[in-house]
Amino acid sequence: MAGPGIGKSSLTEAIAERLAGELNILHIHGSSALAAVPFGVLTPYTGELSAEDSVSPVAVLRSMWSYFEQLRAGNGAPVLVVIDDAHHLDEASAGVVAELISAGWATVVAAARPRPGLPQPLDQLWYDGLAERVDLRPLNREQIEEVLAHVLDGTVPDATVNAVWSASGGNPRVLNALLHDSAEAGILAKRNGIWVLLGSLPTDGVRLTAVVTKDHLRRRPEEQEALKLIALAGPVGRKVIEEICGAAVVRSLLDQQTVVENSGVPAELSVWNVLFAKAIRNTISVSRSLQLLEKIREHQDSATLRAEGRLRFVEWSLECGLRVPDAEMLDAAREALSRFRNHSARSIAAKIRDPELVHLANAVQARALYNEGAYAEAATLLDSSWVQLAGDAQGPSVLLLRMAAHQAAGRPLAEFAEDVRKQQQGLPEETRGRQEELLELLQFGAEVDFEALGDRVAEIRNSSSAGTGNEPLKALGEALLAHALAAAGRPSEGLDAALLAASELPILEGDLFFYSEFVLGRLVIDYLAMGEWESAERELESYASTHAAGDATFNGSLQVLRGYSMLRQGRMERAYQLLLPAVEALRLSDPLQLFRFGSALGFYVASRLGDTAQAKRLEQDYKDAVAGGPAHDFLAGAYGAAASEYLSRDGKGLAALHTLATTTEASSRAGTLLELLSLCWDLGDASVIPMVQNAARAVDGRWAASMLKLASDWEAADGDALMETAAMLEESGFVNLAREAYARASTVLEQAGERRRSRQAVAQREKCDHELGERFREGRFIAAAPAVHLTRREQDIVELAVQGLTDREIAQRLMVSVRTVEGHLYRTYVKLGVRSRDELDAALPK
């Protein structure tokens, strides 16, 4: 049982193909045209019956029996009856099939849709325990990921998986069409081994159009009409479609799961899949679309339309060449923007001509362009309209968006601020004052001056009250203060500021600046500075679950933050898996200006893991990138220097880190300094340990406290204390620090002649290595290399892989899933310190 396109027919065909050599296969195809004809689908097997006998159940049953006997006479094999579209069987034919099953004359595999479902005689077999029902569901996200991994040669990042899953609805037929169409259109492209989407998935491709056309042609004319109306207008009131097409038609489409009913009052209908609806619209001529629009208008009360319905009505009217009032177009454009339907927002806003609305329309277009990564175009549009909007409620947001667009295009903040001050001379004093406050906050934020920010934010807190319109100023100031406090070593206070910034977000929802994402980045940075890994991930997960529409724009930024979190935890393999796709995503859209920081992190992780080719490519990306802001740029420089040292081991990178540690940016910011010193220590430079202790004492949070404890015990060189500290760190979630404590303990205990306890420490360190998932270690310790131990299943899989079998062939041979094979191979690579199956044979223990 499955809806259309889920794969029930393909499954029955595969069953028939697999068993063709063992059974006599008999195919029966249900048909809506024969659904009202008794025994209609059985006619090929009852052709010799008279007209009178052809409608007799007993005669038909005997005829089927005779046919089966003839089949068996050939090879003596049993009969398998395969029925496709069994929901279209007439009751009489279904009764005969049920009798065949009950009598044991044949085995039957039937494929049907759950709505309207099987005819009663077949359904009854399940209730009587004579049949088994298998419900096929749309592919879930994990299954879509597995399909893409099998079909595409390369890494498929989460953003691509999410987009394809959402667009296809998990429907295999639509998925297949989308993959072919998007690849042929060059939208699904492989960049540096990563499959990325260069634009919106196509709705006018040959494959998807063929799927839609085939689906459309098999429907009754009245269903086709209703489906066109729903595709063009949806979400549209159910009552409207019932008045035009009839309630029975609507029920039929709902039964077939072709349309879905949305919750709410009044009830609304939409096509089951957004891309499917767009593909249907592409098949309708403008003249026919206009006729259908007029038909809807006769029955639709525009006052009952909800936001998405109003947006679609404006889009539809414009598609038909009709005039829409500018105010309605502006509302629709802003609604499209809130849903990240950027092309729609741009195209609608571009049609607005009212002098009082055109500048806000330009700002809407600019934000849509910014979402798409067209920063220079966005800046140009805002340059022409920001002065006129300075006194508007959206004035602060427009100024911030303009600043972000110019900065993303490479313009320094100081130059931008000077330009703003020149152009705003003719504005009212109150407006100039508000703009100056924003510029001042941005400047303090760029300087990471937590004291100046703290004083200014305190003034804003004391002077602001609810409903004053200062929400943008408060959100910006608190977020910038949160970041500066984290750098200063006071992330707990920074977290308080970030949470205050987040409290302003509900009223700023829908503004033209991306406040939610701006605040989220600072909130996550504070959690990471404190060592609260789970809290940081929870914030990222919470955002992703409630802002799925913005995935194409902000996913790369979120993945950099996730990768940074994994790196801080010492989980280099996972960080590597996140950062490489993130960097490719940021090439297309970098709204939070994290490309340079992300490239530096990727460079660092690739260097640590020994991936020289990727490291050199990411090094070039990092060097070529536009500056992303002083706070991130300083850390990017630190990670870049450490990466260079891992890559060349010539001491230059380490020397660069020491130089950075003496700069004002580091010495005046305890949090930044401690992170920089941890990079030196990771490179094996024990000379920084006293500096680590001093810096850690000035930084609050669990991470700094753990670093202080490790550094203190390290210098004390007490094996017992180190073992206790290691266990405590491991329990607290600082597994990478625990690993170092165990490694140091093993050395100290070995030197003290306590070899048994030294081996215990080594075993505990290996346990930490396993949990962190590193392939190999190039940090400050390389303890005695442990013997490689592969499980029985890993040995079986590796043996077949070395013989040249593919993952799918191995899965079939061992009767496990492809995903299981991939997982075991990945863990084997980690244990053996290799990157591909080509290196397996040489790395296996002899």
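**Notes on the predicted model**

1. Start with one pair of side chains: Glu315 and Ser344 make a polar contact through their side chains, at 2.4 Å. Keep in mind that this is a predicted model, so treat that distance as a computed value. Glu315 belongs to helix H14, which covers residues 307–319. Its relative accessible area is 11%, and because buried means under 20%, Glu315 counts as buried. Leaving out residues up to four places away in sequence, Glu315 touches Arg341, Ser344 and Ile348.

2. H14 turns up again around helix H12. In H12 (residues 274–282), the buried residues are Leu275, Phe276, Ala277, Ala279, Ile280 and Arg281. An arginine is on that list, so have a look at Arg281 when you have the model open. The elements covering the buried residues of H12 include H14, strand S8 (268–271) and the helices H6 (158–168), H7 (172–184), H8 (206–217) and H9. At the N-terminal end, H12 is capped by Asn273, with a side-chain oxygen 2.9 Å from the backbone nitrogen of Leu275.

3. Now the overall picture. The protein chain has 45 helices and eight strands. Of its 846 residues, 53% are buried. The C-alpha trace spans about 100 × 80 × 40 Å along its principal axes. Take the contacts between residues at least 6 apart in sequence: 67% of them join residues at least 24 apart.

4. Which residues touch the most other members of the largest nonpolar core? That core has 175 residues, and the ones in question are Phe514, Tyr604, Val605, Tyr639, Leu657 and Trp681. Phe514 is a handy one to click on: setting aside neighbours within four places in sequence, Phe514 is in contact with Arg367, Tyr370, Leu401, Ala404, Phe554, Pro591 and Leu592. Another core lies apart from the largest one; this other core has 52 residues, including Val156, Leu201, Val211 and Val259.

5. Next, a helix pair. Helix H22 (residues 429–446) packs with helix H24 (residues 471–487) at an angle of about 10 degrees, and their axes are 10 Å apart. Angles under 35 degrees count as roughly parallel, so H22 and H24 are roughly parallel to each other. On the H22 side the contact uses Glu437, Leu438, Leu441, Leu442 and Gly445, and on the H24 side Leu473, Leu476, Gly477 and Leu480. Sorted by class, the residues in this contact of H22 with H24 are six nonpolar, two polar and one charged.

6. H22 has a second partner to look at, helix H21 (residues 413–423): the axes of H21 and H22 cross at roughly 170 degrees and come within 11 Å. Angles over 145 degrees count as roughly antiparallel, so H21 is roughly antiparallel to H22. H21 brings Leu413, Phe416, Ala417, Val420 and Arg421, which meet Glu436, Leu439, Leu442, Gln443 and Ala446 in H22. By class, the contact of H21 with H22 has seven nonpolar, one polar and two charged residues. Leu442 is worth a click here: Leu442 is among the H22 residues that meet H24 and also among those that meet H21.

7. A few backbone details to check. Most residues other than glycine have a negative phi, and most peptide bonds are trans. Where is the cis bond here? The peptide bond from Gly234 to Pro235 is cis, with omega near 0 degrees. Pro235 sits in the loop between helix H9 (221–233) and strand S6 (236–237).

8. Two positive phi values, both in loops. Asp85 has phi near 55 degrees and lies in the loop between strand S2 (79–84) and helix H3 (91–102). Ala717 also has phi near 55 degrees, and its place is the loop between helix H38 (702–716) and helix H39 (719–732). Are these residues buried or partly exposed? Asp85 is partly exposed at 23% relative accessibility, and Ala717 is partly exposed too, with a relative accessible area of 35%.

9. Last, a distance. Leu11, in helix H1 (residues 8–19), is partly exposed at 41% relative accessibility. From Leu11 to Glu142 is 20 Å in space, C-alpha to C-alpha, and 131 residues in sequence.

Methods: Residues are numbered from 1 along each chain as its sequence is written. This is a predicted model: local features need pLDDT of at least 70, side-chain atom pairs count only at pLDDT 80 or more; totals for chains, interfaces and linings use all residues. Side-chain values use heavy atoms; hydrogens and water are left out. Helices (H or I, at least four residues) and strands (E, at least two) are DSSP runs, numbered from the N terminus. Buried means under 20% relative accessible area, exposed over 50%, partly exposed in between (1.4 Å probe, protein chains only). A polar contact is a pair of N or O atoms within 3.5 Å; within protein, one must be able to donate a hydrogen and the other to accept it, and residues adjacent in sequence count only if both atoms are side-chain atoms. Contact means heavy atoms within 4.5 Å. A nonpolar core is a set of buried Ala, Val, Leu, Ile, Met, Phe, Trp, Tyr and Cys residues joined through side-chain atoms within 4.5 Å. Axes are lines fitted to C-alpha atoms, for helices over the stretch in contact, and angles run from 0 to 180 degrees between N-to-C directions. Angles under 35 degrees count as roughly parallel, over 145 as roughly antiparallel, 65 to 115 as roughly perpendicular and the rest as oblique. Ala, Val, Leu, Ile, Met, Phe, Trp, Tyr, Cys and Pro count as nonpolar, Asp, Glu, Lys and Arg as charged, and the others, Gly among them, as polar.
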